[in-house]
Amino acid sequence: MKNKIFAANWKMFKTPDETRKYFSSFRELVAKTSADRQVLFFPPALCLEAALESTRGTSLQIGVQNCHAKGEGAFTGEISAQAAQKMGAQWVLLGHSERRTLFHETDAMVSEKLQFVQNLGMKVMLCIGETLDERQSQRTESILSGQLEKALAKARAQDLAIAYEPVWAIGTGVNASPEQAEQTHQFIVRWLEGRGFTGTPVLYGGSVKPENAKALIDQPHVSGFLVGGASLDPQSFSKIGGV
Ligand code: PGA
């Protein structure tokens with residue numbers, strides 16, 4: 001049986017108080033995480049401490065949604081992965097399409113951050129995905145392989161997960177069909193295996209909800225989910241993680 005990963009991306013939602021409330025109900029709903037799955041959360045950086053405190057002593061893992069490629073320095077407004085690690089965070093999410101589009105992150109920047117985070121000994125979840133226009137013009141595979149090639153140029157296979165998030169499915173309510181997801185995941189898994197990244201989990205993200213989770217997770221090459229909107233409610237995220 002595949003070891004599944006269920007990850008919550010809270011984006012810029014929730015305060016520290018709301019974070020504590022969330023975990024007190026989530027922990028009640030999910031009394032024990034079964035051994036075949038990992039459950040992790042990417043809260044906003046200002047809620048990191050609240051999330052870490054609320055999950056101490058549990059198997060729930062916490063990460064940050066972005067970081068700078070250096071541990072410290074004169075970088076006003078940036079997030080230090082090194083500080084996050086000292087606080088107890090284990091993961092860093094990198095290359096999310098919102099970072100790429102709204103904050104102009106390039107593949108080169110993602111690659112630099114990824115190397116830095118891996119050298120710290122933290123785990124990386126790397127997001128990749130094509131736009132609707134790229135899919136419709138049959139460029140999905142070349143876009144994804146280009147993103148992987150550049151981001152993973154100097155990466156280690158250890159402590160790495162990929163989140164395939166078609167841009168057209170993020171926050172739109174339109175998820176990739178199970179067939180589309182499986183076909184694209186197969187391509188990604190083969191690409192990874194060809195470069196020595198065997199066994200790297202490939203998660204699907206983009207409008208995952210309790211209603212479509214089962215059909216998606218049943219696909220052989222889908223190793224888990226990165227969930228945005230539907231992870232903000234403990235009830236709906238616990239249903240997704242319980243599939
Ligand atoms: P969504 O977001 O589940 O709200 O589509 C996914 C993501 O951006 O990671």
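Is Cys47 buried or exposed? I looked that up first, and Cys47 turns out buried, at a relative accessible area of 1% (buried is under 20%, exposed over 50%, partly exposed in between, with a 1.4 Å probe and protein chains only).

Note to self: this is a predicted model, where local features need pLDDT of at least 70, side-chain atom pairs count only at pLDDT 80 or more, and totals for chains, interfaces and linings use all residues. Numbering runs from 1 along each chain as its sequence is written, and side-chain values use heavy atoms, with hydrogens and water left out.

Cysteines next. I found zero disulfides (a disulfide being a pair of cysteine sulfur atoms within 2.5 Å). From Cys47 the closest cysteine sulfur, in Cys67, is 18 Å away, too far for a bond. Cys67 is buried as well, at 0% relative accessibility, and its sulfur sits 13 Å from the closest one, in Cys127, so no bond there either.

Then I checked pockets (open sets of points on a 1 Å grid over the protein atoms alone, where a 1.4 Å probe fits, with protein on both sides within 12 Å along at least five of seven lines; lining residues have an atom within 4 Å of a point). The largest has about 610 Å³ of space, counted as the space filled by probe spheres set on the points, which are joined across faces, edges and corners. Its lining has 25 residues, with Ala45, Gln65, Asn66, Ile79 and Arg99 nearest the centre.

The second largest pocket comes to about 280 Å³. I count 19 lining residues there, and Gly199, Thr200, Pro201, Val202 and Ser223 are the closest to its centre.
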